[in-house]
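Work through the exercises below with the model open. Each task is followed by a stepwise solution.

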Amino acid sequence: MKMESSKMLVVFTLIVLIAVSSDLVSGNLAPGEASDELCFNPCTPKLGNNECNTICVNKKYKEGSCVGFGIPPTFKYCCCKN
């Protein structure tokens, strides 16, 4: 009887871990819904504010622009916002 309960505990733990990890990987968002903010590719002379905004709008965000990071802001990344 003790062996069966140990197996059940292991199976239950694995199921919980799989469920939690799948929510984290998928982001747990409704289909077609964008998160509040997304920052990705570094801005360059070829990827400026206009190109960043176009990419963000195509990804169903309201707007996008190059945002500086660091103190002082030395790196700029394309960030999309709702």
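**Exercise 1. Place a lysine.** In which loop is Lys 59 found? Is Lys 59 buried, partly exposed or exposed?

Solution. This is a predicted model, so treat every step as a reading of a prediction.
- Step 1: locate the residue. Lys 59 sits in the loop that links α2 to β2.
- Step 2: take its relative accessibility, which is 43%. Buried would need a value under 20%, and exposed a value over 50%. Lys 59 therefore counts as partly exposed.
- Step 3: look for a partner distant in sequence. Cys 80 is 21 residues away along the chain, yet the C-alpha atoms of Lys 59 and Cys 80 are 8.7 Å apart.

**Exercise 2. Judge the confidence.** Find where the prediction is lowest and highest in confidence.

Solution.
- Step 1: start with the whole chain. Its mean pLDDT is 76, and 59% of the residues reach 70 or more.
- Step 2: go element by element. Helix α1 (residues 2-26) has the lowest confidence, with a mean of 54. Helix α2 (residues 49-58) has the highest, at 96.
- Step 3: check the weak stretch. Over residues 19-29, pLDDT stays under 50. The model gives that stretch two contacts beyond four places in sequence.

**Exercise 3. Write the topology.** List the elements in order, then derive the sheet.

Solution.
- Step 1: count. The chain has two helices and three strands.
- Step 2: read from the N terminus. The order is α-β-α-β-β.
- Step 3: order the strands in space. They form an open sheet, β1-β3-β2, with antiparallel pairing.
- Step 4: name the edges. β1 (37-42) and β2 (63-69) each pair on one side only.
- Step 5: add the twist. From one strand to the next it averages 35 degrees.

**Exercise 4. Check the strand pairs.** How many bridges join β2 and β3? How many join β1 and β3?

Solution.
- Step 1: take β2 with β3. Seven bridges join them, in the antiparallel sense. Ser 65 faces Cys 79 of β3 across this pair.
- Step 2: take β1 with β3 (residues 75-81). Here there are four bridges, again antiparallel. Glu 37 stands opposite Lys 81 in β3.
- Step 3: inspect the β2-β3 hairpin. Five residues lie between the strands, and Gly 70 has a positive phi near 105 degrees.

**Exercise 5. Find the core.** Which residues make up the largest nonpolar core?

Solution.
- Step 1: place the helix. α2 lies across β1, β2 and β3, at about 125 degrees to β2.
- Step 2: list the core. Its eight residues are Cys 43, Leu 47, Cys 52, Cys 56, Tyr 61, Cys 66, Cys 78 and Cys 80.
- Step 3: assign sources. α2 and β3 each supply at least two residues of this core.
- Step 4: follow one member. Beyond four places in sequence, Cys 56 touches Tyr 61, Glu 63, Gly 64, Cys 78, Cys 79 and Cys 80.

**Exercise 6. Sum up the chain.** What percentage of its residues is buried?

Solution.
- Step 1: of the 82 residues, 15% are buried.
- Step 2: the exposed surface is about 6700 Å², with 64% of it from carbon and sulfur atoms.
- Step 3: among contacts with a separation of 6 or more, 43% link residues 24 or more positions apart.

How values were computed
Residues are numbered from 1 along each chain as its sequence is written. This is a predicted model: local features need pLDDT of at least 70, side-chain atom pairs count only at pLDDT 80 or more; totals for chains, interfaces and linings use all residues. Side-chain values use heavy atoms; hydrogens and water are left out. pLDDT is the predictor's confidence in each residue, from 0 to 100. Contact means heavy atoms within 4.5 Å. Two strands pair if DSSP finds at least two bridges between them. Axes are lines fitted to C-alpha atoms, for helices over the stretch in contact, and angles run from 0 to 180 degrees between N-to-C directions. A nonpolar core is a set of buried Ala, Val, Leu, Ile, Met, Phe, Trp, Tyr and Cys residues joined through side-chain atoms within 4.5 Å. Buried means under 20% relative accessible area, exposed over 50%, partly exposed in between (1.4 Å probe, protein chains only). Accessible areas come from the Shrake-Rupley method with a 1.4 Å probe; for residues, only the protein chains shown count as cover.
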